[in-house]
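Thank you all for making time this morning. I would like to walk through one structure with you, beginning with a term that we will need along the way.

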Amino acid sequence: MNYCVYLRKRRNKPFCKLLNKEIPFCRCQQCGSKEYKSNVNQIKKKSALKEKSPLKSGKMKNKSNKLAKLERNRKSVFTNNMDKCYLCSNKRTDIHEIFRGRNRKNSMIYGFVLPLCRKCHSTKAETVDFEEFWHRKAQIYFEEHLGTREDFIKIFRRNYIIKKRGSR
């Protein structure tokens, strides 16, 4: 069976890319500028795409395996007991990475994580004061045990220990 090149399926309805709108299927058949492609070629293209998929080649899978291994083997430099909440001593349900976003992986690598229960993680860990306190504490630990301030700024892209104006 042949299909028009411009015909797509959007929200389970025929969509014409040439007209850039949803159309009834009978309107596609009446169109004067339709171009056909055979169904056999479409099947060949799909199978060729599957062979070149990054999941099959292993590139993305290796990266996610590394991240999964990092997440499984998280350790904290602030506590030895990863089974209890650091703040309230209840059973740990979450592990909070002190640095978020692009620095989350660095947080896991350097041990800047805290075991927290769900209640503490959803209430206290989301406050600005909590984050600022632990960012400073992590930077102080890094400078005392692992490297210099310049190294910390290179890795985490920011200095969290900032002197306030007026203080000497």
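Buried, in what follows, means under 20% relative accessible area, while exposed means over 50%, with partly exposed in between. By that cut-off Glu 97, at 11% relative accessibility, counts as buried, and I will come back to that residue when we reach the charged pairs. Please keep in mind throughout that this is a predicted model.

Let me start with the overall picture. The protein chain contains eight helices and seven strands, and of its 168 residues, 26% count as buried. If we take the contacts between residues at least 6 apart in sequence, 54% of them join residues at least 24 apart.

Now to helix 7, which covers residues 128–145. At 1.5 Å a residue, its 18 residues should span 26 Å, and because the end C-alpha atoms are 26 Å apart, the expected and modelled values agree. Which residues of helix 7 are buried? They are Phe 130, Glu 131, Trp 134, His 135, Ala 138, Gln 139 and Phe 142, and they cover an arc of only 155 degrees around the axis, which puts them on the same side of the helix. The general background is that an α-helix has 3.6 residues a turn, so residues three or four places apart point the same way. The face of helix 7 turned away from this buried side carries the exposed residues Asp 129 and Glu 144. As for what the buried residues pack against, the partners are strand 6 (94–97), helix 5 (104–110), strand 7 (113–116) and helix 8 (149–156).

That brings us to the nonpolar cores. The largest of them has 17 residues, and those with the most contacts inside it are Phe 78, Ile 98, Phe 99, Phe 112, Leu 114, Trp 134 and Phe 152. Strand 7, helix 7 and helix 8 each supply at least two residues of this core, and the largest share, four residues, comes from helix 7. To take one member in detail, Ile 98, if we leave aside its neighbours within four places in sequence, is in contact with Phe 78, Ser 107, Phe 112, Val 113, Leu 114, Trp 134 and His 135. There is also a second, separate core of five residues, which includes Leu 7, Cys 16, Ile 23 and Cys 28.

Since cysteines have now come up, how many disulfides does a search of the whole structure find? The search finds zero. Cys 85, for example, is in no disulfide, and its nearest cysteine sulfur, that of Cys 88, is 3.6 Å away; the cut-off applied here is that the two sulfur atoms lie within 2.5 Å. Cys 85 counts as buried, at 3% relative accessibility, and Cys 16, from the second core, counts as buried at 7%.

I turn next to the charged pairs. Side chains of opposite charge can pair when their charged atoms come close. A search of the whole structure finds seven salt bridges, and I will describe some of them.

In one of these, Arg 74 pairs with Glu 97, and the closest N and O atoms are 2.2 Å apart. Arg 74 lies in the loop between helix 4 (59–72) and strand 6, whereas Glu 97 lies in strand 6, so the pair ties together parts that are 23 residues apart in sequence. Glu 97 is the buried residue with which I began, and Arg 74, at 19% relative accessibility, counts as buried as well.

Another salt bridge joins the side chains of Asp 94 and Arg 118, at 3.2 Å from N to O. Because Asp 94 lies in strand 6 and Arg 118 in helix 6 (residues 118–123), this pair ties together parts that are 24 residues apart in sequence. Asp 94 is buried, with a relative accessible area of 11%, but Arg 118, at 52%, counts as exposed.

Then there is Arg 149, which forms a salt bridge with Glu 143, the closest N and O atoms being 2.8 Å apart. Arg 149 counts as partly exposed at 32% relative accessibility, and Glu 143 is also partly exposed, with a relative accessible area of 25%. Beyond single pairs, salt bridges that share partners join Glu 71, Arg 74, Glu 97 and Arg 104 into one network.

Let me stop there, and thank you for listening.

Technical notes. Residues are numbered from 1 along each chain as its sequence is written. This is a predicted model: local features need pLDDT of at least 70, side-chain atom pairs count only at pLDDT 80 or more; totals for chains, interfaces and linings use all residues. Side-chain values use heavy atoms; hydrogens and water are left out. Buried means under 20% relative accessible area, exposed over 50%, partly exposed in between (1.4 Å probe, protein chains only). The expected span of a helix is 1.5 Å times one less than its number of residues. The arc is that of the directions from the helix axis to the C-beta atoms. Contact means heavy atoms within 4.5 Å. A nonpolar core is a set of buried Ala, Val, Leu, Ile, Met, Phe, Trp, Tyr and Cys residues joined through side-chain atoms within 4.5 Å. A salt bridge is a side-chain nitrogen of Lys or Arg within 4 Å of a carboxyl oxygen of Asp or Glu.
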